[in-house]
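Colleague: I am new to this structure and would like a close look at one part, the surroundings of the ligand. Please add afterwards what is worth seeing in the helix packing and the backbone.

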Amino acid sequence: MLSDRITSLPPSETLAMNARAAAKRRAGERVYNLTVGEPAIRVSPLVSDAVVRALEAGKTQYPPVAGIVELRDAASSWMNASFGSVYDRTHTLVTTGGKFGLYLLFQALLNPGDEVVIIAPYWVSYPSMVELAGGRAIVVQTTEAAGWKVSPDDIRSACNEKTKALIINNASNPTGVVYTREEVEQLMLVAQEKNIFVISDEVYSGLVYDNQPFISCASFVGKYGNIAVVQSASKNFAMTGMRVGFVFANPAIISALEIVQGQSTSGAATICQWAALAAIEHADSILPDIRTVMQHRRDVFVQTWNSVFHTPIKPPQSALYAFVSLADLGLSGSSTQACLELLERGNIALVPGAPFGAEGYVRISFGDTEDELIASIHALHHFLNNA
Ligand code: PLP
């Protein structure tokens, strides 16, 4: 009954793990949740007040498909001020989260059989999104020993005449990798040499720690070929549930994405766009506050971990996750099996590395509150030592 396209899609193991954890919680069990994919932080009152104001003003009708102009203007100005880009409204599309921005890009760019180079470990949705658009995901592996960074030569060797695009996730889920200016520029150069499109997923740009700079591909627009930057209000402003993201690209690409968006969602929810506008207008205060909280949680997470586990972890440089090998946890076998067992027997939820293209690893989130992080790390340590 279902299409071949859908039946060949792998189910989301992350969602399956979350569903199992939720079922346990409903049954009254204490579950230690190290899977949280968002900063567990209440949204700024500046944002919630904007939602109330939008509702009171009756802003509940369809938005323009590309987004309300106030938000497109503010988002492009914010990118320009933050990263020295030269975007305006015509380069800016508002989407239902960064995720749908990525989906639109693959739908608009790929012909059947076109290849997209994806760097592993990758965010779980990239290969499926490429395949749903009729493309082929070409995975380039990186290693923990090389700091999970890809080399320009690795990308060069993965390209052929069918290659249409390269997707870069800087700052990275799940490894926390942050690329330097030189490294970003090297990747842009390869893309230009191979005449392929760069899709830069930068949804964690605000969550970069230890005062490191974040280098956006947007800084290189005009110097190098075709670049689309995907951004989001989700993680940067702790408003994941409002589902507001952005694509920044040249106006011809934005018009194409607008057509696909017009034939699918009709655009992001109007009141959420007003909320995102408030977030961006107050980015100078909201973003550093969220980063400070997350930096503190990252520090507490690493300190607690390193005080109980024999094998220390290096502080993740960005995002919300540590990517840890099963071997460092004293485990072996498949990461999915290991996570299922931890959940079933220890009530500890982690995310397996396999769906990120990195078997032998697990993703451990530090997105939750300090108390939860400390309790969960102790529970994990206790379980592993007594299993
Ligand atoms: N890209 C990466 C790497 C992510 O981790 C996520 C969410 O977890 C997204 C994109 C999509 O985020 P959103 O759709 O909430 O903007």
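Modeller: I will begin with the ligand and then turn to two helix pairs and three places in the backbone. The model is a predicted one, in which local features need pLDDT of at least 70 and side-chain atom pairs count only at pLDDT 80 or more, while totals for chains, interfaces and linings use all residues. Residues are numbered from 1 along each chain as its sequence is written, and side-chain values use heavy atoms, with hydrogens and water left out.

Around the ligand there are 14 residues (each with a heavy atom within 4 Å of it), and those that come nearest are Gly98, Asp201, Ser232, Ser234 and Lys235. Polar contacts (pairs of N or O atoms within 3.5 Å) include one in which a polar backbone atom of Gly98 lies 2.7 Å from an oxygen atom of the ligand. The side chain of Asp201 brings an N or O atom to 2.5 Å from a nitrogen atom of the ligand, and a polar side-chain atom of Lys235 is 2.7 Å from a ligand oxygen. On its own the ligand has 390 Å² of accessible area (Shrake-Rupley method, 1.4 Å probe), and the protein covers 93% of that area.

Turning to the helices (DSSP runs of H or I, at least four residues; strands are runs of E, at least two), α5, residues 97-109, packs against α9, residues 251-262, at an angle of about 105° with the axes 9 Å apart. The two are therefore roughly perpendicular (65 to 115 degrees) to each other. Their contact (heavy atoms within 4.5 Å) involves, among others, Phe100, Leu104 and Leu105 of α5 and Ile253, Ala256 and Leu257 of α9. By class, this contact has 9 nonpolar, 2 polar and no charged residues.

Another pair is formed by α12, residues 335-346, and α13, residues 370-386, which pack at about 95° with axes 11 Å apart, so α12 is roughly perpendicular to α13. Here Glu341, Leu342, Arg345 and Gly346 of α12 meet Leu380, Phe383 and Leu384 of α13, and the classes are 4 nonpolar, 1 polar and 2 charged.

As for the backbone, most residues other than glycine have a negative phi, and most peptide bonds are trans. A cis peptide bond nevertheless joins Asn170 and Ala171, with omega about -5°, and Ala171 is found in the loop between β5 (163-169) and α8 (181-194). A cis bond also joins Asn173 and Pro174, with omega about 20°, and Pro174 too has its place in the loop between β5 and α8. Finally, Asp210 is not a glycine, yet has a positive phi of about 60°, and this residue lies in the loop between β6 (197-201) and β7 (227-232).

Conventions. Axes are lines fitted to C-alpha atoms, for helices over the stretch in contact, and angles run from 0 to 180 degrees between N-to-C directions. Angles under 35 degrees count as roughly parallel, over 145 as roughly antiparallel, 65 to 115 as roughly perpendicular and the rest as oblique. Ala, Val, Leu, Ile, Met, Phe, Trp, Tyr, Cys and Pro count as nonpolar, Asp, Glu, Lys and Arg as charged, and the others, Gly among them, as polar. A polar contact is a pair of N or O atoms within 3.5 Å; within protein, one must be able to donate a hydrogen and the other to accept it, and residues adjacent in sequence count only if both atoms are side-chain atoms.
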